[in-house]
Amino acid sequence: MSEVACKLSIGNHAVRNNAFLAPMAGITDRPFRKLAERFGAGMVVSEMIASNALAVGNQDMARKLGKPGSLPHMVQLAGCEAEWMTRGAKIAHDAGADIIDINFGCPAKRVTNGYAGSALMRVPDHAMTLIDAVVSATPLPVTVKMRLGWDDDSLNAPDMARRAVDAGVRMITVHGRTRQQFYKGTARWELVRAVVEAVDVPVVVNGDIVDLVSAREALEQSGAAAVMLGRGAQGRPWAVAQIGAGLAGWAGPVAPKGDALAALVAEHYEDMLVEYGTAVGLRAARKHLDWYAEAAGIVLDKPARQAFLNNDQPADVLRQIGTIFSSEDRVAA
């Protein structure tokens, strides 16, 4: 394939295409990001990292800082206190981060109940103190990922974005839902256009983007500079690259099938065992195995599915992966 130069950049970091992998807790770990990057994603973002836990030496949070490959290393921090965000940003910088993203978008109750994530859309003044803290703590480009607002009565993303950029933020990503929508209904890409018109930095549109058709429609409705793929990449680490290539007008990677798909799934599985250790890795890998099967159109009866996903013997799982995924008629979408 031949690539066309992408004009988009984050600070002084050039981006190779206009399709990004979204940060997803428990999903976009180093093994998954490594695959998405290798296929050709324009940018990949770490899992959400709790700044307070990172600052006090939590090893799970430190592990999430791992860089997957050669792309600019974009790390997402979440928190509600300037002190922890400052310390977290400095730790991320020292660990090799190239870009720091601040989470104003996570809708999960365990996050918003702690006044972090999308709860910060309700307290703009406080949210800006966190941006100021991170921008002051490190010379790295700082970006923000947000939602349209807390609910339909407070669609304040344009104002939040404007204030964030005035404070030094270099890119804004907007999920086209409010926090109260969680992931229900549909993403309203057209409402992201107000954010694009409010700021002079790149805006990325996120939500319900699963293929080239939806990516093009999201860009047309929003006027954004790039798209970000989240749940649509589950079981399909090549999907982000396919969209990025299609938007640029060149041929992207072909979805693996047969033996190539089996080899990819096996590689991902083994990498997760290395990343987490066998005991934790076995559990963490199950959802990915299930997503790969779903994406490939593989339907297992309930006993077979349980025997596959709940197997705690890595050698047996690898044999099952070969049997389940290697058939040439298993073509991932």
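**Disulfides, barrel, pockets and cavity of the predicted model**

The structure holds 0 disulfides. The model is a predicted one, and the absence of such bonds can be examined through the cysteines Cys-80 and Cys-106. For Cys-80, the closest cysteine sulfur belongs to Cys-106 and lies 13 Å away, which is too far for a bond. The converse also holds, because the cysteine sulfur closest to that of Cys-106 is the one in Cys-80, at 13 Å, again too far for a bond. A disulfide would require the two sulfur atoms to be within 2.5 Å. The surroundings of these side chains were also classified. Cys-80 has a relative accessibility of 24% and therefore counts as partly exposed, whereas Cys-106, at 15%, counts as buried. The latter assignment follows because buried means under 20% relative accessible area.

The strands β3-β4-β5-β6-β7-β8-β9-β10 form a closed barrel of 8 strands with parallel pairing. On average, neighbouring strands of this sheet are turned by 25° against each other, direction ignored. In general, the strands of a sheet pair through backbone hydrogen bonds, in either a parallel or an antiparallel manner. Two of the pairings were examined individually. Strands β7 and β8 run parallel and are joined by 5 bridges; within this pairing, Val-144 has Ile-172 in β8 as its bridge partner. Strands β9 and β10 likewise run parallel and are joined by 3 bridges, with Val-205 standing opposite Val-227 in β10.

Strand β8 is mostly covered, as 5 of its 5 residues are buried. The burial extends to both faces of β8: Met-171, Thr-173 and His-175 are buried on one side, and Ile-172 and Val-174 are buried on the other. Ile-172, the bridge partner of Val-144, is thus described both by its pairing and by its place on a covered face of β8.

The largest pocket has a volume of about 520 Å³. Its lining comprises 29 residues, of which Pro-23, Met-24, Lys-145, His-175 and Tyr-183 are the closest to the centre of the pocket. His-175 is also one of the buried residues of β8. Among the secondary-structure elements, β7 (142–147) and β10 (226–229) each supply at least two residues of the lining of the largest pocket. The greatest contribution is that of β7, with 3 residues. By residue class, this lining divides into 15 nonpolar, 9 polar and 5 charged residues.

The second largest pocket has a volume of about 290 Å³. It is lined by 16 residues, and those closest to its centre are Ala-50, Asn-52, Ala-78, Gly-79 and Ala-116. Two or more residues of this lining are given by each of β4 (43–50), α2 (51–55) and α5 (109–112). The lining of the second largest pocket is made up of 9 nonpolar, 4 polar and 3 charged residues.

In addition to the pockets, a search of the whole structure finds 1 cavity of 30 Å³ or more. The largest cavity encloses about 40 Å³ of space. The residues that line this cavity are Tyr-269, Leu-282, Arg-286, Leu-289, Phe-308, Leu-309, Asn-311 and Val-317. Helices α12 (278–295) and α13 (302–309) each supply at least two residues of the lining of the largest cavity, and α12 provides the largest share, with 3 residues. The residues of this lining fall into 6 nonpolar, 1 polar and 1 charged.

Backbone torsions were also considered. In general, most residues other than glycine have a negative phi. Phe-182 has a positive phi of about 50° although it is not a glycine. This residue lies in the loop between β8 (171–175) and α8 (193–198). Phe-182 is partly exposed, with a relative accessible area of 26%. Asp-208 also has a positive phi, near 65°, and is a residue other than glycine. The position of Asp-208 is in the loop between β9 (203–206) and α9 (212–222). With a relative accessible area of 30%, Asp-208 is partly exposed.

Terms used:
Residues numbered from 1 in each chain as written. Predicted model: local features only at pLDDT ≥ 70, side-chain atom pairs only at ≥ 80, totals over all residues. Heavy atoms only, no water. 1 Å grid on protein atoms, 1.4 Å probe; cavity = no way out; pocket = protein on both sides within 12 Å on 5 of 7 lines; lining within 4 Å. Points joined across faces, edges and corners; volume = space filled by probe spheres on them. Helix = DSSP H or I, 4+ residues; strand = E, 2+ residues; numbered from the N terminus. Nonpolar A, V, L, I, M, F, W, Y, C, P; charged D, E, K, R; others polar. Buried < 20%, exposed > 50% of the residue type's maximum accessible area, 1.4 Å probe, protein only. Pairing = 2+ DSSP bridges. Axes fitted to C-alpha atoms, helices over the stretch in contact; angles between N-to-C directions.
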